[in-house]
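Subject: Structure handover

Hello,

Here is the structure for your files. My notes on it follow below.

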Amino acid sequence: MEPPVYYSRAEFIETDTGNKVSRRATIAGPQNIILGGKTIISSGAIIRGDLRRTGPGHAVVISLGRYCLVGEGCIVRYATFVSNLSCPANAVCRPPYKTYRGNFNYYPMKIGDHVHIGTSTIVEAATIGSHVVIGKNCVIGKFTIIKDCAQIADNTIVPPNTVIPALSLFAGSPGRFMEDLPESTQEMVEAQTKQYYTRFQPLDR
């Protein structure tokens with residue numbers, strides 16, 4: 001087994017369901033974000049739950065499953081058809097958006113279980129399945145759909161509206177199909193994500 005990954009207990013907030021969220025991450029609109037349990041949000045990550053459809057009440061904007069990792073500087077946010085928004089050097093998750101019949105709207109983003117998103121990656125996908133690995137320094141374009149057990153290599157730029165099939169490896173700029181992955185990918189990724197969570201230990205117990 002690989003050595004532990006240590007973190008400062010003072011830097012992370014741990015929830016009742018085992019989520020570990022860095023105090024140095026930016027979680028905008030937390031009332032609109034669901035973390036499934038045992039998910040790690042790293043330092044410098046940006047999750048844009050404040051970008052949602054207009055109207056009263058709360059709405060789930062970004063949903064992450066169990067045993068997910070949002071790497072350092074990762075950005076998760078809505079995608080758009082309207083303009084190219086500037087992005088910080090750190091990675092971001094934000095939900096996708098578009099203009100329809102003159103109305104500007106955001107659309108929810110769903111991320112499955114056992115998903116690892118690498119450092120400094122920007123995610124504007126519509127849906128990411130389970131047992132997915134996304135490398136570092138990637139851009140996942142607006143309204144992309146990533147099926148279960150797919151993998152995205154480091155430094156890949158996935159164009160908007162791409163559908164990435166299950167058990168496939170994409171790489172390059174623009175991202176393109178490279179090869180099929182083995183049927184054992186689900187078991188391997190699940191073991192890796194659970195092992196990483198176990199290795200992620202406080203330095204100051």
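**Sheet and strands**

Ile62 stands opposite Met109 in β14. Strands here are DSSP runs of E with at least two residues, and helices are runs of H or I with at least four; both are numbered from the N terminus. Before going further, the ground rules: this is a predicted model, where local features need pLDDT of at least 70, side-chain atom pairs count only at pLDDT 80 or more, and totals for chains, interfaces and linings use all residues. Residues are numbered from 1 along each chain as its sequence is written, and side-chain values use heavy atoms, with hydrogens and water left out.

Back to the strands. β8 and β14 run parallel and are joined by three bridges. Leu64 has Ile111 as its bridge partner in β14. β5 also pairs with β8 in the parallel sense, over four bridges. There, Ile33 stands opposite Ile62 in β8. Two strands count as paired if DSSP finds at least two bridges between them.

These pairs belong to an open sheet of six strands. The order is β5-β8-β14-β17-β20-β23, with parallel pairing. β5 (33–37) and β23 (163–164) are at the edges with a single partner strand each, so one side of each has no neighbour in the sheet.

How enclosed is β8 by the rest of the structure? Largely, because four of its five residues are buried. Buried means under 20% relative accessible area, exposed means over 50%, and partly exposed lies in between (1.4 Å probe, protein chains only). Ser63 is in strand β8. Its relative accessibility is 16%, so Ser63 counts as buried. Leaving aside neighbours within four places in sequence, Ser63 is in contact with Ile34, Met109, Lys110 and Ile111. Contact means heavy atoms within 4.5 Å.

**Whole chain**

The chain has one helix and 26 strands. Of its 205 residues, 50% count as buried. Among contacts with a separation of 6 or more, 42% are between residues 24 or more positions apart.

**Cores**

The largest nonpolar core has 30 residues. Val76, Ile111, Ile128, Ile134, Ile140, Ile146 and Ile152 have the most contacts inside it. β8 (62–66) and β14 (109–111) each supply at least two residues of this core. Apart from it lies another core of eight residues, including Phe12, Ile40, Leu69 and Tyr197. A nonpolar core is a set of buried Ala, Val, Leu, Ile, Met, Phe, Trp, Tyr and Cys residues joined through side-chain atoms within 4.5 Å.

Not counting residues up to four places away in sequence, Ile140 touches Ile122, Val123, Glu124, Ala125, Ile134, Ile146, Ile152 and Val158. Glu124 is in the loop between β16 (122–123) and β17 (127–128). Glu124 is buried, with a relative accessible area of 5%. Glu124 and Lys142 are 18 residues apart in sequence, yet 4.8 Å apart in space, C-alpha to C-alpha.

**Helix**

Helix α1 covers residues 185–199, 15 in number. From first C-alpha to last it reaches 21 Å, close to the 21 Å expected at 1.5 Å a residue. That expected span is 1.5 Å times one less than the number of residues. Thr185, Val189, Thr193, Tyr196, Tyr197 and Arg199 are its buried residues. They are on the same side of α1, because they cover an arc of only 165° around the axis. The arc is taken from the directions from the helix axis to the C-beta atoms.

**Cysteines**

How many disulfides does the structure hold? Zero. A disulfide is a pair of cysteine sulfur atoms within 2.5 Å. For Cys138, the nearest cysteine sulfur is that of Cys74, 9.5 Å away. Cys138 counts as buried, at 1% relative accessibility. Cys68 is buried too, at 3%.

**Backbone points to check**

Ser173 and Pro174 are joined by a cis peptide bond, with omega about 5°. Pro174 is in the loop between β24 (168–171) and β25 (176–180).

Tyr67 is not a glycine, yet its phi is positive, about 55°. Tyr67 is in the loop between β8 and β9 (69–70), and is buried with a relative accessible area of 11%.

Cys149 also has a positive phi, near 65°, and is a residue other than glycine. Cys149 is in the loop between β20 (145–146) and β21 (151–152). At 7% relative accessibility, Cys149 counts as buried.

Best wishes
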